[in-house]
Amino acid sequence: MAAPGGVVDYLCNAFFPDRQALWHEAIAATGINVRVRQGEDEAFCDGDTMVARMDALGVRTVLVPTGDLSAHAAIDPRDYDHYAMRWDEFDALAQRHPGRFGALYVVDPTRGMAGVADARARIARDHSVVGLYLHTHSWDRRFDHADYYPWYALCADLDVPVAMQAGTSGGLMASECGHPIGIDRPALYFPGVRFVLSHTGWPWVDEAVALAMKFPNVYLGTGAYPPRHWHASVHQFLAGPGRRKVLFGTNFPTVGHAKALDQIAGLDLRADTRERLLLGTALEVFGRLEKWA
């Protein structure tokens with residue numbers, strides 16, 4: 001069930017068919033049985049097919065982490081950068097389908113202030129770039145690492161949010177750096193920056209919920225987990241004090257849009273809570289989306 005004004009998916013990885021093999025290889029390396037979306041209505045696809053699916057489901061906008069390959073990615077075939085879009089891919093997609101896709105600028109802390117300057121220039125000239133995305137496991141740095149503070153300052157200057165994968169890494173990378181508590185000091189130091197703790201913070205879900213409850217500028221993102229598998233704390237938070245603090249996301253291809261929206265329709269949510277989950281909170285967090293309305 002879509003919200004009356006549509007749905008925003010705050011996190012969708014590059015969905016083009018050439019990325020499918022990467023996901024299969026990464027999952028095989030972990031030795032666990034995780035399904036990658038392959039059904040006719042949820043498989044990797046081109047932009048036109050994705051937009052057709054979005055139209056059928058009432059999905060208004062999908063946000064896609066985007067960036068160039070980092071030096072780290074050049075030597076590691078499983079680095080997150082390979083799963084994000086390249087800028088030429090995103091630019092072509094956004095030009096063909098205006099307003100349907102937004103970019104999240106992928107953070108590379110190893111580039112220092114040169115990287116921050118490039119991000120500033122891109123965000124300033126291109127309003128389809130609606131925030132930053134931080135895959136902290138790629139860098140094994142906690143959210144409060146000094147290398148990230150210039151990026152958070154950039155968000156404060158340009159009034160854009162930062163979403164980050166919180167919790168364990170899905171790949172074979174160190175996970176301690178993804179503890180949600182790492183956002184505690186940045187949220188205090190940058191009260192005007194909106195932080196989205198994605199992936200529900202699993203397995204430290206209660207910690208992520210506690211931080212979203214504590215700080216007005218910290219939000220919880222559901223990407224990577226279908227509603228049927230959300231931790232009980234997420235359901236309780238969403239139905240109670242967090243009805244304005246939770247964002248809908250798929251982290252496609254780990255969750256398909258049709259499956260996720262079908263399961264949300266089956267949740268016992270008030271109509272206004274469902275609207276906030278699917279649309280309203282995303283428009284509040286990713287303020288640039290309002291300019292597309």
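This is a walk through a predicted model, starting with its sheet and moving on to its spaces and its charged pairs.

Let us begin with the sheet. Eight strands make it up, in the order S1-S2-S3-S4-S5-S6-S7-S8, and the sheet is open with parallel pairing. Strand S1 (7-9) and strand S8 (246-247) stand at the edges, and each has a single partner strand, so one side of each has no neighbour in the sheet.

Now step inward to S3 and S4, which pair in the parallel sense over four bridges. Here Leu104 stands opposite Gly131 in S4. Strand S4 (residues 129-134) also pairs with S5, again in the parallel sense, over three bridges. If you look for the bridge partner of Tyr133 in S5, you will find Ala163. To get from S4 to S5, the chain passes through helix H6 (residues 149-158), and this β-α-β crossover is right-handed.

Strand S5 (residues 162-165) deserves a pause. In a regular strand the side chains alternate between the two faces of the sheet. You can follow this here: Val162 and Met164 point one way, Ala163 and Gln165 point the other way, and all are buried. On to the next strand: S5 runs parallel to strand S6 (residues 195-198), and four bridges join them. Gln165 has Ser198 as its bridge partner in S6. The chain travels from S5 to S6 through helix H7 (residues 184-189), in a right-handed β-α-β crossover.

Next, the spaces. The second largest pocket holds about 280 Å³ of space. Its lining counts 20 residues, and those nearest its centre are Asp68, Trp87, Tyr105, Val106 and Arg111. Strand S3 (101-106) and helix H5 (112-125) are the elements that give two or more residues to this lining. H5 gives the most, with five residues. What classes of residue make up the lining of the second largest pocket? Nine are nonpolar, three polar and eight charged.

The structure also holds one cavity of 30 Å³ or more. The volume of this largest cavity is about 40 Å³. Around the largest cavity you will find Asp41, Glu42, Met50, Arg53, Leu57, Phe252, His257 and Ala258. Helix H2 (47-57) and helix H10 (257-265) are the elements that give two or more residues to the lining of the largest cavity, and H2 gives the most, with three residues. By class, this lining has four nonpolar, one polar and three charged residues.

Finally, the charged pairs. Side chains of opposite charge can pair when their charged atoms come close. The count in this model comes to 16 salt bridges. In one of them, the side chains of Arg122 and Asp91 meet at 3.3 Å, N to O. This pair links distant parts of the chain, with Arg122 in helix H5 and Asp91 in helix H4 (residues 87-96), 31 residues apart. Are these two partners buried or exposed? Arg122 has a relative accessible area of 13%, so Arg122 is buried, while Asp91, at 33%, is partly exposed.

Arg111, which you met among the residues nearest the centre of the second largest pocket, forms a salt bridge with Asp118, with the closest N and O atoms 2.7 Å apart. Arg111 counts as partly exposed at 38% relative accessibility, and Asp118 counts as partly exposed at 37%. Another salt bridge joins Arg142 and Asp144, with the closest N and O atoms 3.1 Å apart. Salt bridges that share partners also bring Asp18, Arg19 and Glu89 into one network.

Conventions
Residues numbered from 1 in each chain as written. Predicted model: local features only at pLDDT ≥ 70, side-chain atom pairs only at ≥ 80, totals over all residues. Heavy atoms only, no water. Buried < 20%, exposed > 50% of the residue type's maximum accessible area, 1.4 Å probe, protein only. Pairing = 2+ DSSP bridges. Right-handed = clockwise from strand over helix to strand, strands pointing away. 1 Å grid on protein atoms, 1.4 Å probe; cavity = no way out; pocket = protein on both sides within 12 Å on 5 of 7 lines; lining within 4 Å. Points joined across faces, edges and corners; volume = space filled by probe spheres on them. Nonpolar A, V, L, I, M, F, W, Y, C, P; charged D, E, K, R; others polar. Salt bridge = Lys/Arg side-chain N within 4 Å of Asp/Glu carboxyl O.
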